[in-house]
Each structure stands twice: as structure tokens, then as C-alpha cells.
Amino acid sequence: MQAVFTRPKTLKDTPTHFCPGCTHGIAHRIVAEVIDELGIREKTIGIPGVGCCVFLYKYLDIDVLEAPHGRAPACATGMKRVLPDRIIFAYQGDGDMAAIGTSEVIHAANRGENITVIYINNSVYGMTGGQMAPTTLLGQQTTTTPYGRNFRSEGYPIRMAEMLATLEGVAYSARVALHKPKYVMQAKKAVEKAFMMQINEMGFSVVEMLSTCNTNWRVSPTEAIDKLENEMIPYFPLGVFKERTGKDFL
Amino acid sequence: MAHIVIDTNRCKGCYFCVKYCPKQIITISKQYNAIGYFPAELSPDKKDLCTGCKTCALMCPDTAIEVYK
């Protein structure tokens with residue numbers, strides 16, 4: 001009898017504050033597993049933004065720097081330039097990265113900073129009470145769009161993974177989902193690849209993870225899974241949008 | 001014999017393991033746990049059917065499931 005699945009060492013034995021059925025816990029575990037498997041725990045620094053990811057320091061047994069809202073890629077840039085031998089990753093939500101920190105992430109990506117960004121997209125501001133985010137789907141009801149998001153007044157949802165893939169400094173850009181076992185395994189491979197891009201000094205790598213927020217979507221956890229599958233994935237297609245294979249850009 | 005161990009005091013009863021178990025052998029307990037949720041448990045009469053496929057552990061957002069084989 002041997003254990004085939006146990007808690008990764010990097011994931012602390014602390015109960016999370018996430019709502020029941022929030023797939024954010026899976027994202028934390030994936031990152032912890034990849035850090036364990038690559039053996040980089042002692043030299044990894046995580047930089048969470050503000051939002052549900054803010055308690056990263058409580059859950060992952062690594063060094064963590066807390067960044068102001070949206071400024072995680074800017075802090076990661078400074079951290080990587082001062083400590084180039086460390087593995088630096090920013091960990092942001094959609095309100096943090098796609099709204100408040102848009103300029104920071106775009107310019108960090110355009111400069112080709114050798115950092116990794118894990119981006120959790122649940123199409124709503126989770127921690128602040130379910131306000132509309134730039135990624136909120138058309139027709140989706142939130143506390144600030146009670147009649148559903150209308151493109152005439154609020155515009156269209158923003159696709160960050162595709163947008164960042166167009167920038168020259170980006171080495172890896174992918175979108176994965178966390179609502180089915182198959183996709184969770186793909187997500188882990190994408191995170192591993194993003195960290196490998198940084199270890200091989202290829203440039204900026206970003207992994208967008210589609211996640212559920214059943215509390216602010218006002219549905220049960222299992223209904224949220226169906227909603228993600230039927231409503232989010234048609235608008236946010238999964239896949240790898242850019243993958244650099246050599247250092248030919250230098 | 002493959003089996004899973006569920007940390008009942010960490011489980012928040014989200015039903016992901018119940019939904020994704022290929023053998024449908026996980027149910028929700030009728031007793032609530034220390035943090036006030038109804039946790040998942042292995043059905044006592046079906047626990048021999050577990051194959052140790054790790055699907056429940058893979059989908060558990062709270063890492064409350066350990067799998068032994």
C-alpha cells in the first residue's frame with residue numbers, strides 16, 4: 001500500500017478561505033505540485049495581486065511579496081532584475097490583471113521580462129463582492145450590471161491570453177480551464193511549461209486559467225462547472241496561443 | 001486494495017468528487033463537520049469498487065483527499 005496522491009509539500013497544511021467549490025484551490029495545488037516537481041521551492045518567489053489570491057503567503061510554503069492592486073508584474077520585474085537567479089511568478093485575478101493592472105502586465109510582457117504570470121479568470125470581481133470585471137461575459141448579471149452586461153455601455157469581454165500573445169516579448173501564452181479532470185491535467189502541464197520558459201530564460205510567460213466563482217455567479221458549485229463549460233469556453237477558447245521554441249529572438 | 005482517505009474536517013462539501021468519481025462511490029455525509037459543512041464520504045457498501053484513479057483528488061479544491069493503492 002503506497003500513497004499515490006498526497007498534499008504537495010509546497011502547499012501548507014492550512015484550510016483555505018475559498019468558498020466551497022471554488023476552483024482557485026485547484027490552481028494553488030497545481031502551482032505547488034509544479035514547484036515540487038521542478039525542485040525550485042527554495043528559490044521561488046510568488047507575487048500575488050489583490051483579490052482572492054491575496055492569501056498566497058498563507059497557503060504556499062515559499063517566499064511571497066505582496067503587491068499593490070494590479071502591480072504584481074511591476075514588482076516581479078524589479079524582483080527578477082535584483083535577483084535574476086530566482087524563479088519569480090506573479091499570481092493575479094482578472095480584476096487585478098485585466099482591469100487595474102492592464103498597463104503593468106502589457107509593458108512587462110512587451111519588455112519580455114523573464115517572469116511567469118498565473119492569471120485566474122473567473123469573469124467577475126470575486127473578493128470585493130461580485131462587481132463587473134473586464135472579462136464579464138455579455139449578458140452576465142453582476143452587482144454593477146444588474147440587467148446583464150451590455151456591449152453598448154460596458155463594452156466587450158477582454159481576451160488577455162490572445163492579446164498578450166501578439167506582443168514580441170512573450171514566450172508562452174496559453175489558456176486552460178480548471179473545471180474537469182482532463183483540463184486540470186492540461187493546466188498543470190501549461191504551468192510547468194511556463195516555469196520552464198522562465199528557467200530557460202526565454203522571456204515572459206503567461207497562463208490564463210478559467211475558474212469558477214459560484215458565489216458571485218449565484219449558482220451551486222456543480223452548476224458553475226456547467227456554466228463555465230457552456231458559456232465561458234465558447235468566448236474564451238482554450239489553447240496555446242504562443243510558444244517560443246528557441247532563443248532566435250535575441 | 002485501492003482506497004481514498006477524506007479529511008472530513010477540511011471538506012467543504014462542494015460535490016466535485018461526487019460528480020467526477022467514475023465509479024459513483026462517493027456520497028455526502030448526513031453528519032456535518034467541525035466547520036459546518038456536510039462532507040463527502042466513501043459509501044461503506046461500495047468502497048471495494050475504488051480503483052485509485054485519483055480523479056476525486058485531482059478535482060478536490062481543498063486537497064482533502066489522499067489516494068492509496
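Q: Which residues does Glu66(B) touch, not counting residues up to four places away in sequence?
A: Two residues are in contact if their C-beta atoms, placed from the backbone, lie within 7 Å. By that test Glu66(B) touches Ala3(A), Phe5(A) and Thr6(A). On its own chain it touches Ile4(B), Val5(B) and Ala57(B).

Q: What kind of model is this, and how are residues and chains labelled?
A: This is a predicted model; local features need pLDDT of at least 70, side-chain atom pairs count only at pLDDT 80 or more, and totals for chains, interfaces and linings use all residues. Residues are numbered from 1 along each chain as its sequence is written, while chains are lettered from A and ligands numbered from 1 in the order in which they are written.

Q: Is Glu66(B) buried, exposed or partly exposed?
A: Count the C-beta atoms, placed from the backbone, within 10 Å of the residue's own: 20 or more others means buried, 12 or fewer exposed, and in between partly exposed. Glu66(B) is partly exposed because it has 18 C-beta neighbours inside 10 Å.

Q: Where does Glu66(B) sit?
A: In strand S4 of chain B. Strands (E, at least two residues) and helices (H or I, at least four) are DSSP runs, numbered from the N terminus. The C-alpha of Glu66(B) is 8.7 Å from that of His3(B), 63 residues apart along the chain.

Q: Which strands form a sheet with S4(B), and in what order?
A: Strands of a sheet pair through backbone hydrogen bonds, either parallel or antiparallel. Two strands count as paired if DSSP finds at least two bridges between them. Here the open sheet has three strands, in the order S1(A)-S4(B)-S1(B), with antiparallel pairing. S1(A) and strand S1 (3-6) of chain B are the edges, each pairing on one side only. Neighbouring strands are turned by 35 degrees against each other on average, direction ignored. Axes are lines fitted to C-alpha atoms, for helices over the stretch in contact, and angles run from 0 to 180 degrees between N-to-C directions.

Q: Which residues stand opposite each other in this sheet?
A: Two bridges join S1(A) to S4(B), residues 65-68. Phe5(A) has Val67(B) as its bridge partner, and Ala3(A) stands opposite Tyr68(B). On the other side, S1(B) and S4(B) pair over four bridges. There His3(B) partners Tyr68(B).

Q: Which way do the side chains of S1(B) point?
A: In a regular strand the side chains alternate between the two faces of the sheet. S1(B) does alternate. Ile4(B) and Ile6(B) point to one face and are buried. His3(B) and Val5(B) point to the other and are not.

Q: How many residues of each chain are in contact across the interface?
A: 22 residues of chain A are in contact with 22 of chain B. On the chain A side, strand S1 (3-5), helix H1 (24-38), helix H8 (181-199) and helix H10 (221-235) each give two or more residues. By class, that side has 13 nonpolar, seven polar and two charged residues. Nonpolar covers Ala, Val, Leu, Ile, Met, Phe, Trp, Tyr, Cys and Pro; charged covers Asp, Glu, Lys and Arg; the others, Gly among them, are polar.

Q: Where is H10(A) kinked?
A: The bend at a residue is the angle between axes fitted to the seven residues ending there and the seven starting there. H10(A) has a kink of about 35 degrees, centred on Leu228(A). Leu228(A) is also one of the buried residues of H10(A), which include Pro221(A) and Met232(A). Their cover includes strand S6 (170-177), strand S7 (204-210) and helix H9 (214-217) of chain A, together with helix H1 (16-20) of chain B.

Q: Why is S6(A) described as largely enclosed?
A: Eight of its eight residues are buried, so S6(A) is largely enclosed by the rest of the structure. S6(A) pairs with S7(A) in the parallel sense over seven bridges. Ala174(A) stands opposite Val207(A) in S7(A).

Q: Which sheet of chain A holds these two strands?
A: An open sheet of seven strands, ordered S3-S2-S4-S5-S7-S6-S8, with mixed pairing. Strand S3 (63-64) and strand S8 (239-243) are its edges.

Q: What stands out in the backbone of Arg218(A)?
A: Arg218(A) has a positive phi of about 60 degrees although it is not a glycine. Arg218(A) lies in the loop between H9 and H10 of chain A. It counts as exposed because it has 12 C-beta neighbours inside 10 Å.
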